Amino acid sequence: MLSRRSLMGAGASSLATSLFPGVLTQAQTAAGEISATDLGNGLALLEGAGCNVIAMPGDEGALMIDGGLAGHARSLLNAVYAATGNDSVHTLINTHWHAEQIGANALVGQAGGRIFAHENTRIYLGNTVYPESFDTSRSPLPEVARPTETTRGDGTLQFAGTRLDYGYLPQAHTDGDLYVHFPGLDLLVAGGVVSGEEWPLLEIRNGAWFGGRVRALQWLAQLVAPETRVVPAQGRLLAGVDVVRLRDIYDELFETMIGYMNRGFGPEDAAADNPLSAYESEFGDAADFVYGAYRSMLIAYVPE
């Protein structure tokens, strides 16, 4: 699985914005803060609530994938209702447990909506957690805001006559990451496992490591075609070619880091060597990411 692949070239990441001319239209919601992009076939991409949110109309209420930050929850739900024509949420899927994904859980749960997530996400939301990106702990959510249905692996849901395949990506971004794939609509909601505009966060404190992310990108790269629309947790809409390119970048980095281990490098040495310097103009300073990714390998990687 962890093999070297040739890079596809820096121009690949710009292809996503040229694949869909005339298809995506922007419309501001009444709240004036959250924008809605029509993806066709009833799907809408909502931005401005803290993360990218997908909404879809249903006979008994809307589908949401991720729920933004709690401070935007009411505005986000109003935007979902405007985009779908529904007045309630039937199903909310949390792709993982970060605050940017679970802010609408309480309102959806209080209204009787179904909240679906990986079992590990429910565990993290029910306990005090020390996220990698914060110095303070995060308290458990109230019971009504926690997932009501969970999965431990892969499966399929049917919503409003549309098939949704979901899958577990172990130890990739958190230790509770799900992707959601609409095979008939050529759309992949990748959550925090795909990051197309900045170096990603690895929840080293909470079960993630760099090898998990590499495996996740290898798996997602097999699901997509070059023109597949890919929704990351943050940032612009991507395409399948972007996922393949990210896989190749991280495959290359993984092998480089194995070389570092053979040479006795520490995390500071890896960061100073700057193996991602060629990509910093695109993704920003890579020092913190390289440090954390290599540190995670020193903790978790077992040579074959």
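Which elements are included in what covers the buried residues of H5? I shall begin with that question and then move outward to the loops and the pocket. Please bear in mind throughout that this is a predicted model.

The cover over the buried residues of H5 includes three strands, namely S10 (162-169), S11 (177-182) and S12 (187-191), together with H6 and helix H9 (287-300). H5 itself runs over residues 210-223. It is mostly covered, since 10 of its 14 residues are buried. Those buried residues are Phe210, Gly211, Gly212, Arg213, Val214, Ala216, Leu217, Gln218, Leu220 and Ala221. As to its geometry, 14 residues at 1.5 Å a residue should span 20 Å, and the end C-alpha atoms of H5 are indeed 20 Å apart, so expectation and model agree.

Let me turn to H9, which appears in that cover. The buried residues of H9 are Phe289, Val290, Gly292, Ala293, Tyr294, Ser296 and Met297. What covers them includes H5, H6 and helix H7 (267-273). H5 and H9 are therefore each listed in the cover of the other, a relation that rests on contact, meaning heavy atoms within 4.5 Å. The span of H9 is also as expected: its 14 residues should cover 20 Å, and its end C-alpha atoms are 20 Å apart.

H6 is named in the cover of H5 and in that of H9. This helix comprises 23 residues, 240-262. At 1.5 Å a residue it should span 33 Å, and its end C-alpha atoms lie 34 Å apart, which agrees. H6 is followed by glycine 264, whose phi is positive, near 80 degrees.

Having looked at these helices, I should place them in the whole chain. The chain holds nine helices and 14 strands. It has 304 residues, of which 53% count as buried. Among contacts with a separation of 6 or more, 63% are between residues 24 or more positions apart. The accessible surface comes to about 12600 Å², and carbon and sulfur atoms account for 49% of it.

One pair illustrates such sequence separation. Glycine 40 and leucine 185 are 145 residues apart in sequence, yet their C-alpha atoms are 8.8 Å apart in space. Glycine 40 belongs to strand S2, residues 35-40. With a relative accessible area of 23%, glycine 40 is partly exposed, because the buried class requires a value under 20%.

I come now to histidine 96. Its place is in the loop between strand S6 (89-93) and helix H2 (99-102). Is histidine 96 buried or exposed? Histidine 96 is buried, with a relative accessible area of 1%. Its side chain forms a polar contact of 3.4 Å with the side chain of histidine 98. Beyond its neighbours within four places in sequence, histidine 96 is in contact with Asp66, Gln101, Ile102, Thr121, His173, Thr174, Gly176, Asp177 and Gly192.

Two of the residues just mentioned, histidine 98 and His173, lead us to the largest pocket. The space in this pocket is about 490 Å³. Of the 27 residues that line it, the closest to its centre are His98, Glu100, His173, Leu201 and Gln234. H2 supplies the largest share of the lining, three residues.

Aspartate 66, a contact of histidine 96, deserves separate attention. Aspartate 66 has a positive phi of about 75 degrees although it is not a glycine. It lies in the loop between strand S5 (62-65) and helix H1 (73-84). At 2% relative accessibility, aspartate 66 counts as buried.

Alanine 160 is another non-glycine residue with a positive phi, in its case about 50 degrees. Alanine 160 sits in the loop between strand S9 (155-159) and S10. At 45% relative accessibility, alanine 160 counts as partly exposed.

My last residue is asparagine 86, in the loop between H1 and S6. Asparagine 86 is buried, with a relative accessible area of 14%. A polar atom of its side chain lies 3.5 Å from the backbone nitrogen of alanine 62. Leaving aside neighbours within four places in sequence, asparagine 86 is in contact with Met56, Pro57, Gly58, Gly61, Ala62 and Tyr81.

To close, I return to the opening question: H6 and H9 are among the elements that cover the buried residues of H5, as are S10, S11 and S12.

Notes
Residues numbered from 1 in each chain as written. Predicted model: local features only at pLDDT ≥ 70, side-chain atom pairs only at ≥ 80, totals over all residues. Heavy atoms only, no water. Helix = DSSP H or I, 4+ residues; strand = E, 2+ residues; numbered from the N terminus. Buried < 20%, exposed > 50% of the residue type's maximum accessible area, 1.4 Å probe, protein only. Areas by Shrake-Rupley, 256 points an atom, 1.4 Å probe, with all protein chains shown as cover. Expected span 1.5 Å × (residues − 1). Polar contact = N/O pair within 3.5 Å; in protein donor to acceptor, adjacent residues only side chain to side chain. 1 Å grid on protein atoms, 1.4 Å probe; cavity = no way out; pocket = protein on both sides within 12 Å on 5 of 7 lines; lining within 4 Å. Points joined across faces, edges and corners; volume = space filled by probe spheres on them.
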